[in-house]
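Colleague: I am new to reading protein models, and I would like to go through one slowly. Could you show me how to look at its features one after another?

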Amino acid sequence: MEFAIVWNTKMDLNAVEQLKNVLSSMSIEKDQIIYEEGEPVGDGYILSIGKVQLFKNNRDGKLTEKQTVNSMQVFGVWNSILGNNVRLFTAKALEKSSALIIPKATLNKKLSTLDPFLKFLFRQALTNSENFE
């Protein structure tokens, strides 16, 4: 499952600047779909500039806004943490934006070295969140 909430704290600007040296970036146009609900899990993102909205399809076919992602926040990584195969949300740019791409392989490699107890705690925190669906 993909966590619909981004961390409430923003990444440190120095950390983002360092990541720019090792991660690829992408420009995102206003209203561009970054990924869609139901797609296979892929890369994660750090939003450098802009705003992105996460949506969920309801049973009646309507999209429900779940969370707004702001600059210096991470999104699209929770499926990897939880071990799911498909994305549970659609991510759409609300304005012209830019993001750093966290490759799926990098996420999986980092997660494979994570202490099993910490991984369990992350999974519990995510699945117990009131905004997680």
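Colleague: Let me begin with a single residue: does Glu29 count as buried, partly exposed or exposed?

Modeller: Please keep in mind that this is a predicted model. Buried means under 20% relative accessible area and exposed means over 50%, with partly exposed in between. Glu29 has a relative accessibility of 43%, so Glu29 counts as partly exposed.

Colleague: With which residue does the side chain of Glu29 meet in a salt bridge?

Modeller: The general idea is that side chains of opposite charge can pair when their charged atoms come close. In this structure, the side chain of Glu29 meets that of Lys96 in a salt bridge, with 2.9 Å from N to O. This pair links distant parts of the chain, since Glu29 lies in the loop between β1 and β2 while Lys96 lies in the loop between β7 and β8, 67 residues apart. Lys96 has a relative accessible area of 53%, so this residue is exposed.

Colleague: How many salt bridges are there by this rule, and which residues are linked in a network?

Modeller: The count comes to four salt bridges, and the network links Lys30, Asp31 and Lys92. Within this network, Asp31 meets Lys30 at 3.7 Å, N to O, and Asp31 also meets Lys92 at 3.9 Å, N to O. The pair of Lys92 and Asp31 links distant parts of the chain, with Lys92 in strand β7 and Asp31 in the loop between β1 and β2, 61 residues apart. As for accessibility, Lys30 is exposed at 51%, whereas Asp31 is partly exposed at 44% and Lys92 is partly exposed at 26%.

Colleague: You mentioned strand β7, so in what order do the four strands of the open sheet stand?

Modeller: A sheet is read by following which strand pairs with which. Here the order is β2-β7-β4-β5, and the pairing is antiparallel. The edge strands, β2 (33–35) and β5 (63–70), each pair on one side only. From one strand to the next, the twist averages 30°.

Colleague: How many bridges join β2 to β7, and how many join β4 to β7?

Modeller: Two bridges join β2 to β7, where Ile33 stands opposite Lys92, a residue that also takes part in the salt-bridge network. Four bridges join β4 to β7, and there Leu54 stands opposite Ala91. Strand β4, residues 51–57, pairs with β5 over seven bridges, with Gln53 of β4 facing its bridge partner Thr68.

Colleague: Which residues touch the most other members of the largest nonpolar core?

Modeller: In soluble globular proteins, nonpolar side chains tend to be buried together. The largest nonpolar core in this model has 14 residues, of which Ile34, Tyr35, Tyr45, Val52, Phe75 and Ala91 touch the most other members. Two or more residues come from each of β1 (25–28), β2, β3 (44–49), β4, β7 (90–93) and β8 (97–102). A second, separate core has twelve residues, including Ile46, Met72, Val74 and Leu107.

Colleague: To step back to the whole chain, how many helices and strands does its secondary structure come to, and what share of its residues count as buried?

Modeller: The chain has four helices and eight strands, and from the N terminus on its elements run α-β-β-β-β-β-β-α-β-β-α-α. Of its 133 residues, 41% count as buried. The accessible surface comes to about 7,700 Å², and 51% of this surface belongs to carbon and sulfur atoms.

Conventions
Residues are numbered from 1 along each chain as its sequence is written. This is a predicted model: local features need pLDDT of at least 70, side-chain atom pairs count only at pLDDT 80 or more; totals for chains, interfaces and linings use all residues. Side-chain values use heavy atoms; hydrogens and water are left out. Two strands pair if DSSP finds at least two bridges between them. Axes are lines fitted to C-alpha atoms, for helices over the stretch in contact, and angles run from 0 to 180 degrees between N-to-C directions. Buried means under 20% relative accessible area, exposed over 50%, partly exposed in between (1.4 Å probe, protein chains only). Accessible areas come from the Shrake-Rupley method with a 1.4 Å probe; for residues, only the protein chains shown count as cover. A nonpolar core is a set of buried Ala, Val, Leu, Ile, Met, Phe, Trp, Tyr and Cys residues joined through side-chain atoms within 4.5 Å.
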